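Reader: Can you walk me through this one? I'm new to it.
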Amino acid sequence: MKILTLHCDYIRFKPVKAAISKPEEIKKEAKLGNEIKECLVVLSAVEKQDEGNEKAIVKNLVSNVKSIAVQVKAKKIVLYPYVHLTNTPSKPDTALFVLREAEKELKELKFSVIRAPFGWYKEFELKCKGHPLSELSREIKTEEIAPGKKEKGEGAAESEALKAEKKLKSEWFILTDTGKLHRLKFGKGKNKDELAGFDFSKHAALEKLARYEMKKIRVVGQEPAHVKYMRKLELVDYESASDPGNLRYYPKGRMVKALIEDYVTKRMHEYGALEVETPIMYDYEHPSLKAYLNRFPARQYSIDTPNKKVFLRFAACFGQFIMASQAVISYKDLPLKLYELTKYSFRVEQRGELVGLKRLRTFTMPDCHALCKDIEQAKQEMALRFILAKDVQQNIGLDFHNLELAIRVTKDFYEKNKEFIVSLVKEFGKPALLEMWPSRFFYFVTKYEFNFIDSLNKAFALNTDQIDVENAERYGIYYVDEHNKRKPVTILHLSPSGAIERVMCSLLEQAYFDEKQGKNPCLPYWLSPTQVRIVPISEKFINEAVALAEDLNDLPCRVDVDDRPLHVEKKVLEAEQEWVPFVVCLGKRELEKKSLNVRIRRMKGKVIEIKMPELKKLLEQEQRSMPWRPLPLPLLLSKRPKFV
RNA sequence: GCCGCGGUAGCUCAAUGGCAGAGCAAUUGCUUCGUAAGCAAUAGGUUGUGGGUUCAACUCCCAUCCGCGGCUCCA
């Protein structure tokens with residue numbers, strides 16, 4: 001049986017003339033010729049080979065139609081006989097039976113079903129919506145589609161099956177650095193919230209991750225802490241004039257984000273990755289992209305260009321893979337590392353999933369693929385990148401206490417590469433959550449992530465790396481080996497830091513942990529928009545304050561001057577509210593004594609007396625060798641607008 | 001996307017069918033100050049948007065946008 005489904009604004013049809021000797025009787029109550037709005041029209045042709053298999057055909061037809069209707073969110077289904085889809089039509093009786101049964105079963109699934117009369121020439125008019133899923137053709141076969149097995153061109157249906165199976169059979173463990181696997185299990189009945197199998201008493205955050213991932217957590221709903229901070233500090237804000245999940249960055253936020261981008265990119269250069277840039281939009285009809293895309297239907301932004309329909313990329317994979325597939329690569333070039341900082345990647349996440357900086361529709365993802373010779377080389381490279389990613393996160397300023405490792409792996413890969421997996425856990429230095437899949441569902445055999453556990457005990461992934469064994473052949477990425485033979489590469493997908501927005505989110509959530517513990521919340525020094533604030537005690541000392549600022553600025557250091565006609569107390573208060581790490585008040589005393597009083601936020605506002613050369617040394621140590629950018633706002637506070 | 005809650009001055013919030021308000025911020029003036037809030041005056045509004053009910057709507061109804069929580073999801 002062949003079907004063509006059209007998601008329509010409306011369809012209207014009217015029988016004109018009988019097409020067969022005994023056409024179906026037209027029911028009087030049928031309001032023929034009226035518009036049926038917001039419906040999924042199923043043009044259908046039952047074929048010769050379906051005869052005798054009616055039941056199986058009906059079953060598969062219903063399951064296909066249901067899956068499409070759910071995806072496009074159509075509640076009305078119009079079953080429309082359309083024999084022209086096939087050269088080998090079945091007998092009319094068979095076709096009518098199939099359609100009637102399908103109507104019955106779809107109605108039982110709570111769809112509103114309208115069946116166009118069988119055996120008539122009909123005039124009809126419809127308006128198809130035109131989004132990517134609005135037109136789909138399917139071949140309905142007699143054999144059942146085994147879940148998890150591929151059926152050609154049925155990416156969407158397959159994806160649902162895959163997800164269902166994944167949910168059903170994942171096994172969860174804690175893996176320690178000795179290589180011991182502790183199987184995790186929730187209790188039953190009264191004890192259903194008890195997570196047994198591992199002693200979490202010294203690993204509270206890991207337990208939170210396990211609970212979050214195994215989907216049994218129930219916490220009191222609250223807005224995450226970073227949302228308040230991101231606005232209060234004039235870093236980032238919502239932009240209601242855009243699509244949800246698209247943010248705007250004020251000068252300070254742009255600077256913080258740019259510095260993290262600079263740092264991650266610098267580390268990728270040092271690692272030997274070749275930085276590239278690829279388009280953000282791709283053709284829906286490109287053969288390599290189609291199958292991959294269909295695994296995740298309707299999660300892309302679609303755009304109509306003058307001559308094609310394109311989607312916005314959700315990762316840098318496409319651009320880099322197509323580039324690599326057209327490159328001539330020798331075994332001597334491997335591992336070949338390609339890096340791109342995607343500004344941006346786009347995913348149309350569900351509305352209710354978006355929060356602050358944690359989950360966005362538009363985000364900045366550093367993405368580094370390594371093309372490797374084989375699994376062995378891929379493992380070696382992944383181990384190297386694991387150390388790199390850990391170092392990146394620590395240098396950015398993330399506290400290791402808040403990070404937990406999760407490893408996902410197929411059973412097969414784990415059994416053959418146990419030592420390698422355990423080596424990652426050893427390198428991490430803490431036990432890890434391990435999710436084991438009975439077979440491979442995705443394109444990778446293993447992946448790991450560093451997860452940040454936030455103030456609401458929810459986890460989100462930062463850096464991640466995967467061993468991809470599928471895309472090389474799909475995209476045609478080959479290298480030539482020592483014996484002049486063409487072989488597919490093995491691909492690693494690394495994000496060395498995770499999305500830049502998520503890094504910012506983690507830093508703010510971490511500041512909140514500090515605040516809860518009675519400390520002053522801070523950003524790392526290298527990311528503080530103002531690193532040192534000079535506070536002249538009255539307007540008389542503004543010139544001296546500016547001179548001091550210019551001196552420190554050469555370090556380099558972002559210094560500003562609060563020249564507003566306010567009392568010192570007030571200016572100090574505001575510096576603290578802005579999380580300025582060092583505040584220097586300047587007046588007669590300092591000028592006479594030729595030393596400075598420096599207030600240190602991190603030390604609960606402790607004031608130390610220090611001479612200029614020592615202050616410079618201190619600030620240089622604070623800056624380390626991290627990237628630096630100039631002050632994002634005017635030097636004088638009196639000249640600054642308020643954005644929030 | 002689904003269910004529930006919310007949107008009032010730049011910010012935080014009050015006003016429950018009957019004159020739209022406070023604190024902070026802003027502006028102006030006074031104060032020139034020593035490490036977390038000096039004093040006063042002025043200005044600030046199509047109550048998210050569009051429709052409806054009513055003599056009268058921030059308040060009730062419908063739609064829609066944006067945000068929050070939960071579900072779901074996270075390539």
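Author: Sure, we can go from the sheet to the helices, the RNA and some backbone details. One thing up front: this is a predicted model.

Reader: Start with the sheet. What is the strand order in the open sheet of 5 strands?
Author: The order is S27-S26-S28-S29-S30. The pairing is mixed.

Reader: Which strands stand at the edges?
Author: Strand S27 (559-561) and strand S30 (606-610). Each has a single partner strand, so one side of each has no neighbour in the sheet.

Reader: How much are neighbouring strands turned against each other?
Author: By 25° on average, ignoring direction.

Reader: And in what sense do S26 and S28 pair, parallel or antiparallel?
Author: Parallel, over 5 bridges. S26 covers residues 532-536. Ile-534 stands opposite Val-584 in S28.

Reader: What holds strands of a sheet together in pairs, generally?
Author: Backbone hydrogen bonds, in either a parallel or an antiparallel arrangement.

Reader: Which strands does helix H14 lie across?
Author: Helix H14 (residues 542-553) lies across S26, S27 and S28. Its direction is at about 170° to S27.

Reader: Now H17. Which strands does that helix lie across?
Author: S26, S29 and S30. Helix H17 is residues 612-623, and runs at about 25° to S29.

Reader: Switching to the RNA. Which residues come nearest to RNA strand B?
Author: Gly-221, Arg-351, Gly-352, Ser-538 and Gly-587, out of 50 residues around the strand.

Reader: Which elements give two or more residues to that surface near RNA strand B?
Author: Helix H15 (568-577), strand S28 (582-586), helix H16 (588-593) and strand S29 (596-600). The largest share comes from H15, with 7 residues.

Reader: So S28 turns up again. What is the surface near RNA strand B like by class?
Author: There are 18 nonpolar, 13 polar and 19 charged residues.

Reader: Helix pairs next. At what angle do H6 and H9 pack?
Author: At about 150°, with the axes 11 Å apart. That makes H6 roughly antiparallel to H9. H6 spans residues 251-271 and H9 spans residues 375-396. Their crossing is right-handed.

Reader: Which residues meet there, between H6 and H9?
Author: From H6, Ile-260, Tyr-263, Val-264, Arg-267 and Tyr-271. From H9, Leu-388, Val-392 and Ile-396. By class, this contact has 7 nonpolar residues, no polar ones and 1 charged.

Reader: What about H1 and H2? At what angle do their axes cross?
Author: Roughly 45°, and the axes come within 9 Å. H1 and H2 are therefore oblique to each other. The crossing of H1 and H2 is right-handed.

Reader: Which residues make that contact of H1 and H2?
Author: On H1, they include Ile-57, Leu-61 and Val-65. On H2, Phe-97, Val-98 and Leu-106 are among them. The class count for the H1 and H2 contact is 9 nonpolar, 1 polar and 3 charged residues.

Reader: Last topic, the backbone. Where are the cis peptide bonds you'd point out?
Author: One joins Leu-334 and Pro-335, with omega about -5°. Pro-335 is in the loop between helix H8 (317-325) and strand S17 (336-346). Another runs from Leu-555 to Pro-556, with omega near 10°. Pro-556 sits in the loop between H14 and S27.

Reader: What is phi at Glu-234?
Author: Near 55°, a positive value in a residue other than glycine. Most residues other than glycine have a negative phi.

Reader: And where is Glu-234?
Author: In the loop between helix H5 (225-232) and strand S11 (236-238).

Terms used. Residues are numbered from 1 along each chain as its sequence is written. Chains are lettered from A and ligands numbered from 1 in the order in which they are written. This is a predicted model: local features need pLDDT of at least 70, side-chain atom pairs count only at pLDDT 80 or more; totals for chains, interfaces and linings use all residues. Axes are lines fitted to C-alpha atoms, for helices over the stretch in contact, and angles run from 0 to 180 degrees between N-to-C directions. Helices (H or I, at least four residues) and strands (E, at least two) are DSSP runs, numbered from the N terminus. Angles under 35 degrees count as roughly parallel, over 145 as roughly antiparallel, 65 to 115 as roughly perpendicular and the rest as oblique. A crossing is left-handed if the near helix is turned anticlockwise from the far one by less than a right angle, and right-handed if clockwise. Two residues are in contact if their C-beta atoms, placed from the backbone, lie within 7 Å. Ala, Val, Leu, Ile, Met, Phe, Trp, Tyr, Cys and Pro count as nonpolar, Asp, Glu, Lys and Arg as charged, and the others, Gly among them, as polar. A residue is near a molecule or strand if its C-beta atom, placed from the backbone, lies within 6 Å of it. Two strands pair if DSSP finds at least two bridges between them.
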